[in-house]
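This report looks at one sheet in a protein model and at what lies around it. Keep the sequence and the 3D view at hand while reading.

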Amino acid sequence: MDKGQQQQEEEEDYGYGLFPERQTGKTKKGLLAESIFTFNHRCRVMLQVALDTSPYAKLLIDAMKGSGCAVYKDRHFSCEDCDGTVSGGFDAEISQIVLCQNNIHQQQHMNRVVTHELIHTFDHCRAHVDWFHNIKHLACSEIRAANLSGECTFGNEVCRFNFGLKQHHQKCVRERALRSILAVRKVSKETAEKAVNEVFDTCFNDHEPFGRIPHNKKDAKYAHRDFQNRNRYYANL
């Protein structure tokens with residue numbers, strides 16, 4: 001490794017700067033801080049609601065359990081304060097999802113963040129993803145997360161005042177994948193775009209474990225039902 005590469009490795013923080021508690025360690029919280037008035041308590045309540053009611057989350061958790069990667073709320077999720085620009089993240093080093101308690105204020109938002117990060121966790125479980133050194137791997141998982149999490153549904157895009165364009169869903173997925181890469185990697189926009197473009201078709205058409213693009217909660221419920229039936233079918237072979 002030459003001097004320039006070594007310096008780049010030292011400067012790259014892989015997005016951990018957005019999650020200060022990942023670097024400084026959890027601060028001890030007193031009884032007041034753990035009260036019902038805190039962001040942390042609200043975050044944990046919304047997480048439980050998401051895990052109990054979101055068909056997206058239920059399917060992903062079932063799929064990971066079936067792949068030998070069972071998910072446990074207290075082990076694999078952490079509510080923390082984050083940089084104001086992000087809502088969540090996946091810490092691949094310890095296989096833990098970070099939920100940004102200071103930036104998630106609505107249940108719908110929590111459901112989308114949990115789903116997005118569970119897709120990364122599913123990819124981490126089923127494939128040898130090199131999150132830190134292969135930008136194509138990162139781009140693929142970000143494309144899948146944007147495509148399958150409901151982030152680019154028509155309703156969400158209308159709320160962002162983005163609608164009426166041909167192939168709008170694909171455009172939204174590209175833009176959100178690109179934005180996610182640039183948030184956690186110190187690379188140029190051109191480098192990130194090149195990675196997204198090179199893997200887009202393959203990763204956009206990879207719908208596992210949903211089997212389809214779940215455009216709404218109803219689609220996700222059907223996908224979950226089909227996934228459960230598929231497992232029952234294979235169990236009887």
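What follows describes the sheet, its strands and the helices that lie across it. The model is predicted.

**The sheet**

Strands of a sheet pair through backbone hydrogen bonds, in either a parallel or an antiparallel sense. In this model, 3 strands make up an open sheet in the order β1-β3-β2, and the pairing is mixed. β1 and β2 are the edge strands, since each of them pairs on one side only. From one strand to the next, the twist averages 25 degrees.

The two pairings that involve β3 are set out in the table.

| Strand paired with β3 | Residues of that strand | Sense | Bridges |
|---|---|---|---|
| β1 | residues 77-80 | parallel | 4 bridges |
| β2 | residues 88-91 | antiparallel | 4 bridges |

Single residues can be placed within these pairings. On the β1 side, S78 stands opposite V98 of β3. On the β2 side, F90 stands opposite I97 of β3. β2 and β3 also form a hairpin, with 4 residues between the two strands. In the turn of this hairpin, S95 has a positive phi of about 50 degrees.

**Strand β3**

Is β3 mostly covered or mostly uncovered? The strand spans residues 96-100 and is mostly covered, with 5 of its 5 residues buried. Its side chains can be sorted by direction: Q96, V98 and C100 point one way, whereas I97 and L99 point the other way. The residues of both groups are buried.

**The helices across the sheet**

Which strands does helix α3 lie across? Helix α3, made of residues 39-53, lies across β1 and β3. The helix runs at about 145 degrees to β1. Helix α6, made of residues 107-126, lies across β1, β2 and β3. Helix α6 runs at about 20 degrees to β2.

**A residue in helix α6**

H116 is found in helix α6. Why does H116 count as buried? Its relative accessibility is 10%, and the cut-off for buried is under 20%, so H116 counts as buried. Leaving aside its neighbours within four places in sequence, H116 is in contact with E142, A145, A146, S149, E151 and S180.

**Summary**

To go over the main points again, β3 stands between β1 and β2 in the order of the sheet. Helices α3 and α6 lie across strands of this sheet, and α6 holds the buried residue H116.

Definitions and conventions. Residues numbered from 1 in each chain as written. Predicted model: local features only at pLDDT ≥ 70, side-chain atom pairs only at ≥ 80, totals over all residues. Heavy atoms only, no water. Buried < 20%, exposed > 50% of the residue type's maximum accessible area, 1.4 Å probe, protein only. Pairing = 2+ DSSP bridges. Axes fitted to C-alpha atoms, helices over the stretch in contact; angles between N-to-C directions. Contact = heavy atoms within 4.5 Å.
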